[in-house]
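Please guide me through this model in the viewer, one selection at a time. At each stop, indicate what to select and what is found there.

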2 protein chains.
Amino acid sequence: MTESISPSIQDYLKSIYSLSGSGEASTNALALRLGVAPASVTGMLQKLAALRPPLVHYQKHQGVTLTAAGEKAALEVIRHHRLLEAYLVESLGYSWDAVHEEACRLEHVISEDFEQRIAESLGHPERDPHGDPIPSANLSLPHDISSKLGEMRPGQSAVVQRVRSDDPALLRHLGALGLIPGAQVRALEHSPFDDNLTLEIASHGPVVLGPAITLNVFVEVAP
Amino acid sequence: MTESISPSIQDYLKSIYSLSGSGEASTNALALRLGVAPASVTGMLQKLAALRPPLVHYQKHQGVTLTAAGEKAALEVIRHHRLLEAYLVESLGYSWDAVHEEACRLEHVISEDFEQRIAESLGHPERDPHGDPIPSANLSLPHDISSKLGEMRPGQSAVVQRVRSDDPALLRHLGALGLIPGAQVRALEHSPFDDNLTLEIASHGPVVLGPAITLNVFVEVAP
DNA sequence: AAAATAATTTAGCCAAGCCTAAATAACAAT
DNA sequence: ATTGTTATTTAGGCTTGGCTAAATTATTTT
């Protein structure tokens, strides 16, 4: 029935899933994200499209998107990954900057039984430690209504929803600033040319943040 | 320095370790245990012996044993495996017959950090759910002084130490009998020809057990 | 000791996933 | 429209860890 979906394939599906949020994923972008030569990506895409059932829609030179089967497989891996991240933090005392790598290795090998048990022991959490939503057991995801921190303007208040980064150093930095999911923030000032944002973070001092940070933190702006 | 030790190599080392408890491991025995053709084993053994440092002592037609480096690597994997089995039972509510398969997949991918955290959270256990000793963090193992249940004779009492099996069905059966590590038993009768043993298991009725069982359960006989 | 059997090794092959180098297609700019 | 640039694909190879079939070595039996 379903051809075995190798760890490598799972990684491709994950990457295609996140890159094709905005349209189609390009060969180059995938190669960059996967740390692999573009030619290798082409080869794999051809293979994924030739599987029965196909996991991707692929036509030469036109990027790639997931089929329904591909998306299902991707969401299964993403659920594993995010549940694991939550479990590592909640139950084993990992810090949020150390979980990504471990989850990346574990996500390919845990059983559905394991998945269910950690989900249960965590009380079926809806978000991982970075604020990313965890696909439910039937693989549905809530609609995302957050906007970028960098789009806030002076006077607006918001709650941090999600931090998009796997870089331990950046995550530690954000943690030290208190810029973590749930944090209350208020925009104080915006510099038009460098796009810096001066931000007041509840229970921490005000800070000036560049776009490298503000474009990767997502917030829900207060009404 | 150390060439990367792939999951496949780890499996070979594990198998060589347990098979060479009694002397040297043969190509055929390894093939059988690993579920692989004998020719594949030969190929891998040649490779393991050619690594720098070599992981095995190997000479054509003469079986194989681990080098110091090979044994270290084997014990690391075994520590992972047994700690994981303990963790799955203690912290995630697995039954003892379901942990082997999961641990077999996880053992190759967990980090030293993960290992340390589960060891700590379990209070550095000395045995896994089947009674197998867990190598300590510095990879030492206690000397085993147990004997086979099948060697008990009427009148002797003992405590079950260890059950050697990965077969879920057998483990469930033993669990139902109460024949688990820690159980107190007394030999009532021994049939010389079929080697059956009639055993009284504390808090359970007496049962007659064949050698398929009694040779795979290890006990410490009371003085 | 020779022959039969069993165990092991060699030889040659395959699939998965990666690589580099060369060819081609798409896109942008004059 | 032609040229240059960039993105992508093709072609050919490599490594890992398997496989089968045939050859060889070891062991047992007669």
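Begin with chain A of this predicted model and select its sheet of 6 strands, which is open and follows the order E3-E8-E4-E5-E6-E7 with antiparallel pairing. The edges are taken by strand E3 (147-148) and strand E7 (206-209) of chain A; each has a single partner strand, so one side of each is left without a neighbour in the sheet. Within this sheet, select strand E5 (residues 184-190) and strand E6 (residues 197-201) of chain A, an antiparallel pair held over 5 bridges. To place the register, label A:Val185 and look opposite, where A:Ile201 stands in E6(A).

Next, move to the sheet of chain B. Here too 6 strands form an open sheet with antiparallel pairing, in the order E3-E8-E4-E5-E6-E7. Strand E3 (147-148) and strand E7 (206-209) of chain B stand at its edges with a single partner strand each, so one side of each lacks a neighbour in the sheet.

Select strand E5 (residues 184-190) of chain B together with E6(B): the two run antiparallel and are joined by 5 bridges. B:Val185 has B:Ile201 in E6(B) as its bridge partner. Then follow the chain through the turn of this hairpin, which places 6 residues between E5(B) and E6(B). Which residue of that turn has a positive phi? Select B:Asp195, whose phi is about 65 degrees.

Continue along the chain to the pairing of strand E6 (residues 197-201) of chain B with E7(B), which is antiparallel and extends over 4 bridges. Two residue pairs show the register: B:Thr198 stands opposite B:Val208 in E7(B), and B:Glu200 stands opposite B:Pro206 in E7(B). The hairpin of E6(B) and E7(B) has 4 residues between the strands. In this hairpin, select B:Ser203, which takes a positive phi near 70 degrees.

Now leave the sheet and select H1(B) with helix H4 (residues 68-92) of chain B. These helices pack at an angle of about 100 degrees, and their axes are 9 Å apart. That angle makes H1(B) roughly perpendicular to H4(B). From H1(B), display B:Gln10, B:Leu13, B:Lys14 and B:Tyr17. They meet B:Gly70, B:Glu71, B:Ala73, B:Ala74, B:Val77 and B:Ile78 in H4(B). By class, this contact of H1(B) with H4(B) has 6 nonpolar, 2 polar and 2 charged residues.

The next stop is the contact between the protein chains. Select the 10 residues from chain B and the 10 residues from chain A that make it up. On the side of chain B that touches chain A, helix H5 (99-106) and helix H6 (112-121) of chain B each supply at least two residues. The residues on that side of chain B divide into 4 nonpolar, 3 polar and 3 charged.

How are the two copies related? Chain B is superposed on chain A by a rotation of 180 degrees with 0.0 Å of shift along its axis, at an RMSD of 0.0 Å. The two copies are thus related as by a two-fold rotation axis. To locate the axis from chain B, select B:Leu106, whose C-alpha is the nearest to the axis in that chain, at 3.5 Å. Both copies use the same surface, since 100% of the contact residues of chain B recur in chain A.

Turn now to the DNA, taking strand C as the next selection. It is surrounded by 19 residues, the closest being A:Ser6, A:Ala37, A:Ala39, B:Asn28 and B:Ala39. Helix H1 (7-19) and H3 of chain A, together with helix H2 (27-34) and H3 of chain B, are the elements that give two or more residues to this surface. The surface near DNA strand C has 7 nonpolar, 11 polar and 1 charged residues.

Finish with DNA strand D, which 20 residues surround. A:Asn28, A:Ala39, B:Ser6, B:Ala37 and B:Ala39 are the closest of these. For the surface near DNA strand D, at least two residues each come from helix H2 (27-34) and helix H3 (38-50) of chain A and from helix H1 (7-19) and helix H3 (38-50) of chain B. Which element gives the largest share of that surface? Select H3(A), which contributes 5 residues. The residues near DNA strand D divide into 7 nonpolar, 12 polar and 1 charged.

Technical notes. Residues numbered from 1 in each chain as written. Chains lettered and ligands numbered in written order. Predicted model: local features only at pLDDT ≥ 70, side-chain atom pairs only at ≥ 80, totals over all residues. Contact = placed C-beta atoms within 7 Å. Nonpolar A, V, L, I, M, F, W, Y, C, P; charged D, E, K, R; others polar. Least-squares fit on C-alpha atoms with pLDDT ≥ 70 in both. Near = placed C-beta within 6 Å. Pairing = 2+ DSSP bridges. Axes fitted to C-alpha atoms, helices over the stretch in contact; angles between N-to-C directions. Parallel < 35°, antiparallel > 145°, perpendicular 65-115°, else oblique.
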